[in-house]
Amino acid sequence: MIDLHTHTRRSDGTDTPGELMERAAQAGLSVVGLTDHDTCTGWQEAAEAVPDTGVALVRGMELTCRHAGRTVHLLGYLFNPDHPAIEAHMSRLIAARHERIVAMAEALIDDGLIASSDLDLDSPALGRPHIADALVRAGQVDDRPQAFATYIHPTSRYHRPLPAPSLAETIATIHRAGGAAVWAHPRAKRHGQHSFDAIREGLSFGLDGLEIDHRDNSPADRVKLDTLAQAYGVLKTGASDYHGSGKPNELGENCTSEEVLGALTERTELEVIYP
Ligand code: AMP
Ligand code: ZN
Ligand code: FE
Ligand code: FE
């Protein structure tokens, strides 16, 4: 089983990279793709766990970008993390993430909803889940989903937008760094759900694939996305988007075929790390 989209504490998951690899082994995965948001800082620890766990590692990252007035999550796979284009891209995004989350936290502190001691801003790629966890610690909500439905919802007065680069520019950056680019959960409602026209436009920018088998794409949408992937000759991936205990998604709940992983690695600079 090949699961190409997971998160750790290096962004907004709850496992360390080593724990992720152990859980992947327990879940019976043969290959796991580590795709923390806008950071590769978990790659090394995950790679060190490959021999002991026997799980192969695909080094990846989920890059936040904008397209057609909405957020897109773009999975970048097996690119050279030291390429200057990707380094500049990451450092801009990490700084923007930090500024945005600090601004949201300050607004909540000013209104007495959280205390600064409720905050844990250690992660290299901060996101709203870190504010959600502070709201849980402060007793304002029971869990992350409840925080997302209230205090940190885009309509909340405490929400701040994350400035992000365009989809076209982000695809080009991944390609320049030798990687492959796959549009994550294209029909997820949490990003305001992209139209099929917007997805077609994304395909025209040179995407390598669409993440079709994902719990946030409805069965009817998966059929339409399949047709699009075939029409444009791009790869079809599937994955869990596991976040540890931060989300209900279970490792291996959706998978990618060996053929697709083979086709993906044919076009990338880095290779899968096998045990
Ligand atoms: P942000 O990057 O600040 O927009 O936050 C988006 C992150 O929050 C993504 O990693 C999502 O997986 C996660 N997320 C979105 N909605 C929820 C939810 N209802 N419960 C838990 N995590 C969520
Ligand atoms: Zn996430
Ligand atoms: Fe995502
Ligand atoms: Fe994700």
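# Exercises on a predicted model

Pro163 sits in the loop that connects α6 with α7 (167-176). The model used in these exercises is predicted.

**Exercise 1. Decide whether Pro163 is buried or exposed, and find how far apart Pro163 and Ala239 are in space.**

Step 1. Place the residue: Pro163 belongs to the loop between α6 and α7.

Step 2. Take its relative accessible area, which is 56% for Pro163. The cut-off for exposed is over 50%, so Pro163 counts as exposed.

Step 3. Compare sequence and space. Pro163 and Ala239 are 76 residues apart in sequence, and their C-alpha atoms are 26 Å apart.

**Exercise 2. Do the equivalent for Ala85: state which helix holds Ala85, whether it is buried or exposed, and what distance separates its C-alpha atom from that of His175.**

Step 1. The helix that contains Ala85 is α4, which spans 84-110.

Step 2. Ala85 has a relative accessible area of 15%. Buried means under 20%, so Ala85 is buried.

Step 3. Ala85 and His175 are 90 residues apart along the chain, with 9.9 Å between their C-alpha atoms.

**Exercise 3. Explain why Cys65 forms no disulfide, and classify Cys65 and Cys255 by accessibility.**

Step 1. Count the bonds: the structure has 0 disulfides.

Step 2. Find the closest partner for Cys65. The closest cysteine sulfur belongs to Cys40 and is 15 Å from the sulfur of Cys65. A disulfide requires two cysteine sulfur atoms within 2.5 Å, so the Cys65 sulfur is too far from that of Cys40 for a bond.

Step 3. Classify the two cysteines. At a relative accessible area of 0%, Cys65 is buried. Cys255, at 28%, is partly exposed.

**Exercise 4. Describe the surroundings of ligand 1: which residues come nearest, which helices supply the shell, and how much of the ligand area does the protein bury?**

Step 1. List the neighbours. There are 14 residues around ligand 1, and those that come nearest are Asp12, His37, Arg100, Arg128 and Lys247.

Step 2. Look for polar pairs. A side-chain N or O atom of Lys247 is 2.6 Å from an oxygen atom of ligand 1. For His37, the corresponding distance from a side-chain N or O atom to a ligand oxygen is 2.8 Å. His243 places a polar side-chain atom 3.2 Å from an oxygen atom of ligand 1.

Step 3. Work out the cover. On its own, ligand 1 exposes 500 Å², of which the protein buries 88%.

Step 4. Locate the site. Ligand 1 takes up the space of the largest pocket.

Step 5. Assign the shell to helices. At least two shell residues come from each of α4 (84-110), α5 (128-137) and α6 (144-149). The most come from α6, which gives 3 residues.

**Exercise 5. Which loops hold Asp38 and Leu78, and what is the sign of phi at each residue?**

Step 1. Locate both residues. Asp38 is in the loop between β2 (31-34) and α2 (43-48). Leu78 is in the loop between β4 (70-77) and α4.

Step 2. Read the backbone angle. Phi is positive at Asp38, about 55°, although this residue is not a glycine. Leu78, also not a glycine, has a positive phi of about 55°.

Step 3. Check accessibility. Asp38 is buried, with a relative accessible area of 1%. Leu78 is buried as well, at 0%.

Note on methods. Residues numbered from 1 in each chain as written. Chains lettered and ligands numbered in written order. Predicted model: local features only at pLDDT ≥ 70, side-chain atom pairs only at ≥ 80, totals over all residues. Heavy atoms only, no water. Buried < 20%, exposed > 50% of the residue type's maximum accessible area, 1.4 Å probe, protein only. Near = heavy atom within 4 Å. Polar contact = N/O pair within 3.5 Å; in protein donor to acceptor, adjacent residues only side chain to side chain. Areas by Shrake-Rupley, 256 points an atom, 1.4 Å probe, with all protein chains shown as cover. 1 Å grid on protein atoms, 1.4 Å probe; cavity = no way out; pocket = protein on both sides within 12 Å on 5 of 7 lines; lining within 4 Å. Sits in = over half its atoms within 2 Å of the grid points. Helix = DSSP H or I, 4+ residues; strand = E, 2+ residues; numbered from the N terminus.
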